[in-house]
Amino acid sequence: MTQHEHDTSQTRAERIYASLLRLYPLGHRRDYGPLMLQTFRDEVREVLATSGSLGIAFWLAVSADVVRSVWRERRTASERELQVSLNWIGKHFGVVAGLLLGGLAIVVIVLSNVVFPSTESDSEYTAVYLMGYAAIFLVFATIGFVASGTPSRIGAGARAGAVAALLATAIGLATFFVVDNLFLATVGQQVDKIQGFHTSPFRTMRDYVNFGLVYAVLGMLPLMGAAGVAFGAVGAATRKLLQGSAPASR
Amino acid sequence: MDEHTLLNTPLSPAVFYILLALAGGEKHGYQIMKQESHSRVKMGTGTLYGSLKRISVERTP
């Protein structure tokens with residue numbers, strides 16, 4: 001093989017390997033790409049010097065190594081990204097839980113007010129409402145339990161409970177504002193709203209409904225925030241108690 | 001990785017042979033690969049740098 005053919009083979013092999021390097025995750029390529037290319041360059045130079053050409057066996061070995069190591073690096077990178085995401089969720093558990101609860105509130109409010117509007121008074125459903133609030137408080141306690149971490153910190157649990165409660169309540173109230181104003185004709189058929197409107201000083205149902213929402217914002221947000229703090233702290237304290245009673249690991 | 005886990009995690013053959021190659025002093029990538037080719041393990045460039053990364057990330061105290 002002439003020197004020119006040698007150089008051409010070397011350049012072509014390096015180009016192919018540089019293209020294969022793009023298969024690796026960006027971080028790995030950035031940290032090790034130039035070193036890998038240099039090592040490959042050294043290897044090609046020696047193979048050409050000793051064998052005269054790069055045979056099929058050489059390229060099969062390179063391909064097998066690339067496939068194996070790309071698979072491993074990509075899997076490692078995915079696992080690291082997943083871990084980072086889980087850590088983020090753990091750190092912002094109150095926000096994530098609040099958004100999920102808020103999403104659930106949107107579905108329930110739209111279904112119960114627009115899709116399947118009730119023609120009965122809310123007083124008919126007192127037991128259902130009480131159970132609903134009990135379930136919400138249990139969720140706040142669970143949020144506090146999860147967010148308090150190991151070892152359990154009551155402040156972290158209370159904070160997560162409060163954040164989740166405030167966020168979910170704010171989303172719920174915003175949904176009521178949109179639903180009540182967009183579907184006033186439907187919402188205005190509710191027994192409680194008709195009765196309330198007739199005994200109120202307001203001239204239109206829209207004014208009555210929106211004034212009620214302002215009251216709800218002023219009343220519900222602090223109340224639910226306080227409930228979030230209290231039940232979040234209860235959840236965190238429960239975890240602390242369980243951690244205290246668990247046998248110490250060796 | 002905590003110290004207990006670190007001490008109880010077996011070395012992969014690639015990592016073992018890299019450490020063996022480096023025991024004799026500093027070497028560049030292809031020198032390590034060449035040394036490996038004399039042993040049972042045939043290591044490619046991708047495996048070499050993947051293993052070096054794992055040594056530096058997971059096994060640095």
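In the predicted model, chain A exposes about 15,500 Å² of surface, and carbon and sulfur atoms supply 68% of that area; accessible areas were calculated by the Shrake-Rupley method with a 1.4 Å probe, and for residues only the protein chains shown count as cover. Because this is a predicted model, local features need pLDDT of at least 70 and side-chain atom pairs count only at pLDDT 80 or more, while totals for chains, interfaces and linings use all residues. Residues are numbered from 1 along each chain as its sequence is written, chains are lettered from A and ligands numbered from 1 in the order in which they are written, and side-chain values use heavy atoms, with hydrogens and water left out.

Chain A contains nine helices and zero strands, where helices (H or I, at least four residues) and strands (E, at least two) are DSSP runs numbered from the N terminus. The order of these elements along the sequence of chain A is α-α-α-α-α-α-α-α-α. Of the 250 residues in chain A, 34% are buried; buried means under 20% relative accessible area, exposed means over 50%, and partly exposed lies in between, with a 1.4 Å probe and protein chains only. When contacts (heavy atoms within 4.5 Å) in chain A are restricted to residues at least 6 apart in sequence, 73% of them join residues at least 24 apart.

Helix H3 of chain A, which covers residues 56-91, has 36 residues and spans 52 Å from its first C-alpha to its last, close to the 52 Å expected at 1.5 Å a residue; the expected span is 1.5 Å times one less than the number of residues in the helix. The buried residues of H3(A) are A:Phe58, A:Val62, A:Asp65, A:Val66, A:Ser69, A:Val70, A:Glu73, A:Thr76 and A:Ala77. Their cover comes from both chains, and includes helix H1 (3-21) and helix H2 (26-51) of chain A together with helix H4 (45-58) of chain B.

A:Leu82, which also lies in helix H3 of chain A, presents another picture. A:Leu82 counts as exposed because its relative accessibility is 53%, and together with A:Leu86, A:Trp88 and A:Ile89 it forms a nonpolar patch on the surface with about 390 Å² of accessible area. Patches are made of residues with over 30% relative accessible area and no salt bridge, with like charges joined within 9 Å and nonpolar side chains (Val, Leu, Ile, Met, Phe, Trp, Tyr) joined within 5 Å.

Chain B has four helices and zero strands, arranged along its sequence as α-α-α-α. Buried residues account for 38% of the 61 residues in chain B, and 46% of its contacts with a separation of 6 or more are between residues 24 or more positions apart. The exposed surface of chain B is about 3,800 Å², of which carbon and sulfur atoms supply 58%.

Where the two chains meet, 15 residues of chain B are in contact with 18 residues of chain A. About 1,400 Å² is buried between chain B and chain A, with carbon and sulfur atoms giving 50%; buried area is the accessible area (1.4 Å probe) that two parts lose on being put together, summed over both. On the side of chain B, the residues that lose the most area to chain A are B:Tyr30, B:Tyr49 and B:Lys53, which together give 43% of what that side buries.

Side chains of opposite charge can pair when their charged atoms come close. Five salt bridges are found over all chains in the whole structure, and three are counted between chain B and chain A; a salt bridge is a side-chain nitrogen of Lys or Arg within 4 Å of a carboxyl oxygen of Asp or Glu. One pair is B:Lys34 and A:Glu46, with the closest N and O atoms 3.4 Å apart; B:Lys34 lies in helix H3 (residues 29-37) of chain B and A:Glu46 in helix H2 of chain A, so this salt bridge joins two chains. B:Lys34 is partly exposed at 34% relative accessible area, and A:Glu46 is likewise partly exposed at 31%.

A:Glu73, B:Lys53 and B:Arg54 are linked in a network of salt bridges. The closest N and O atoms of B:Lys53 and A:Glu73 are 2.9 Å apart, while B:Arg54 and A:Glu73 meet at 2.8 Å, N to O. B:Lys53 counts as buried at 12% relative accessibility, A:Glu73 is buried at 2%, and B:Arg54 is buried as well.
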